[in-house]
Amino acid sequence: MNAMKAELIDVSATKKNLEIEIPQEVVDKEVTEIAQGFARKARVPGFRPGKAPIGVVKTRYRDEILSEMMQHLMPKYVGDAIEERKLEIVRPPQYESVDYEHGKPLRFKAVFEVYPNLNVTNYEGIPVQEISTKVEDSEVDASLKKLQEDMAELVPVEEERPAKEGDFVEISFDGVIKGTEEAPVTGQKAVAEIGGSKTIKEFSDNLLGLKAGDQKTFDVEYRPDYPEAKLAGKTVEYKVTVDAIKTKEVPELDDEFAQRLGEYKTIDDAKTDIRKNLEKRKRDNAQEALREKLLEWLEDNNDFELPESLVERQLQIRGQRLLRDLSRQGIHPERLEVDWNKIREDQQKQAVRDVKGSLILDHISEKENITVTDVEIDAEIDKIAAETDRPKEKVREVLSRDSGLERLRGQIRNKKTLDLLQEKAQIQPAE
């Protein structure tokens, strides 16, 4: 095969163009071979199937033959040029300025990005301050208070009195959505805390002062971004019946309460265990935060150009994750009164840091010959299976799809690289 002409043009550190010329002889040979394949199957008026002259076939199927020729030759020659120059491209090239006339070479430009050529040398002795894992008595008390609230019970108010702030009112209701023909909103034995953060203000205001057995009709105007789409932006006329008034009865913080929590004899035993759990959680969080600081330091102290396509891909991933999180909370993004341009700008900044950090970790892991063994992969799969209560074989099957095992291998490799950074860091004691 005659040699092609290929000129590499450095647009920037990561943006490259290859201007390629494929010799006429190569193009003509490829066109003829493709045309011969067409001729064996083509049905041309005036000729028996497969018997049409090659010249007639070339004329009749010119566009199809040239398209197939380019699909065969262009990736082949670009691939050879990239391999010859040992370029590590980010994604398949785009083709521009395609120029071909019969009897002439095929000329075109391949546009692509390459990974940056890093030389990170400042990853030993990174200065970072240790994060305190001390647990204060107030934190233990707060955890106990939450457990108290979780174990609290609603008990009926025995005296006949009107509902007051802090009461829990058990109600039945029928609601008509004004201006629509939608089905009524109904509920039985629903509970509303008067003045509670989760209670709509109109309910708190209108239930205040009512007694068990009372009825009341009132309107509620829902905000446009209300999570329940059926009610968002609507006005509902409610007819409410008070079934009962209840108060929250919180258990005393004593030994009996501790015994209800678990295998504790005294409240001091429970406090000791709560403190241990808080300390472990703080150690885990501090470890994660410390490693994030190490990576952030490297990101801030190493400048290099990032491939735009990697940043855009990460931006899309972050955007999809944000929309999924909102959807799980029952929030419709289009109804939120937020500055989406500002959110995209913030997401862009984070996407840049994500890509930069990932490239730095990959570079250091290669430099330090950090690898992941099959034994380590198996151990991580065992851990995932135990945490998710699924069979190991099922976890491996799921990970085997869509490059899941390779992503897992990359995550383990990153963890080992961060372990190395932490070992070599200059860690200052927590204040």
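The structure holds 38 salt bridges, a salt bridge being a side-chain nitrogen of Lys or Arg within 4 Å of a carboxyl oxygen of Asp or Glu. The model is predicted, with local features requiring pLDDT of at least 70 and side-chain atom pairs counting only at pLDDT 80 or more, while totals for chains, interfaces and linings use all residues. Residues are numbered from 1 along each chain as its sequence is written, and side-chain values use heavy atoms, with hydrogens and water left out.

Side chains of opposite charge can pair when their charged atoms come close. One such pair consists of K248 and E149, whose closest N and O atoms are 2.7 Å apart. This salt bridge links distant parts of the chain, since K248 belongs to strand β10 (residues 235-249) and E149 to helix α4 (residues 137-150), with the two positions 99 residues apart in sequence numbering. Helices (H or I, at least four residues) and strands (E, at least two) are DSSP runs, numbered from the N terminus. Accessibility is classed as buried under 20% relative accessible area, exposed over 50%, and partly exposed in between (1.4 Å probe, protein chains only). On this scale K248 is partly exposed at 37% relative accessibility, and E149 is partly exposed at 31%.

A second salt bridge joins E170 and K189, with the closest N and O atoms 3.6 Å apart. The two residues are 19 apart along the chain, E170 in strand β7 (residues 168-177) and K189 in strand β8 (residues 185-193). E170 is buried, with a relative accessible area of 12%, whereas K189 is exposed at 54%.

The side chains of R353 and E299 also form a salt bridge, at 3.0 Å from N to O. Here the connection runs between two helices: R353 lies in α9 (residues 340-367) and E299 in α7 (residues 267-300), 54 residues apart. R353 is partly exposed, with 29% relative accessibility, while E299 is buried at 8%. Elsewhere, K5, E21 and R107 are joined into one network by salt bridges that share partners.

Charged residues also form a surface patch. E252, D254, D255, E256, D268 and D269 make up a negative patch. Patches are made of residues with over 30% relative accessible area and no salt bridge, like charges being joined within 9 Å and nonpolar side chains (Val, Leu, Ile, Met, Phe, Trp, Tyr) within 5 Å. Asp and Glu count as negative and Lys and Arg as positive, whereas His and the chain ends are not counted. The place of a charge is taken as NZ of Lys, CZ of Arg, CG of Asp or CD of Glu, and accessible areas come from the Shrake-Rupley method with a 1.4 Å probe, where for residues only the protein chains shown count as cover. Two or more residues of the negative patch come from each of α6 (255-261) and α7. One of the patch residues, D269, is found in helix α7 and is partly exposed at 34% relative accessibility.

Strand β7, which contains E170, is largely enclosed by the rest of the structure, because eight of its 10 residues are buried. β7 pairs with β8 in the antiparallel sense over seven bridges, strands being paired if DSSP finds at least two bridges between them. In this pairing V169 stands opposite A192 of β8. β7 also pairs with β10, again in the antiparallel sense, over 10 bridges. There, I177 stands opposite V236 of β10.

Individual backbone positions complete the description. A3 is placed in the segment before β1 (5-10) and is exposed, with 66% relative accessibility. A3 and V26 are separated by 23 residues in sequence and by 9.2 Å in space, C-alpha to C-alpha.

Most residues other than glycine have a negative phi, and most peptide bonds are trans. K86, a residue other than glycine, has a positive phi near 55°. K86 lies in the loop between α3 (62-84) and β3 (94-99) and is exposed at 73% relative accessibility. S97, likewise not a glycine, has a positive phi of about 50°. S97 is located in strand β3 and is exposed, with a relative accessible area of 53%.
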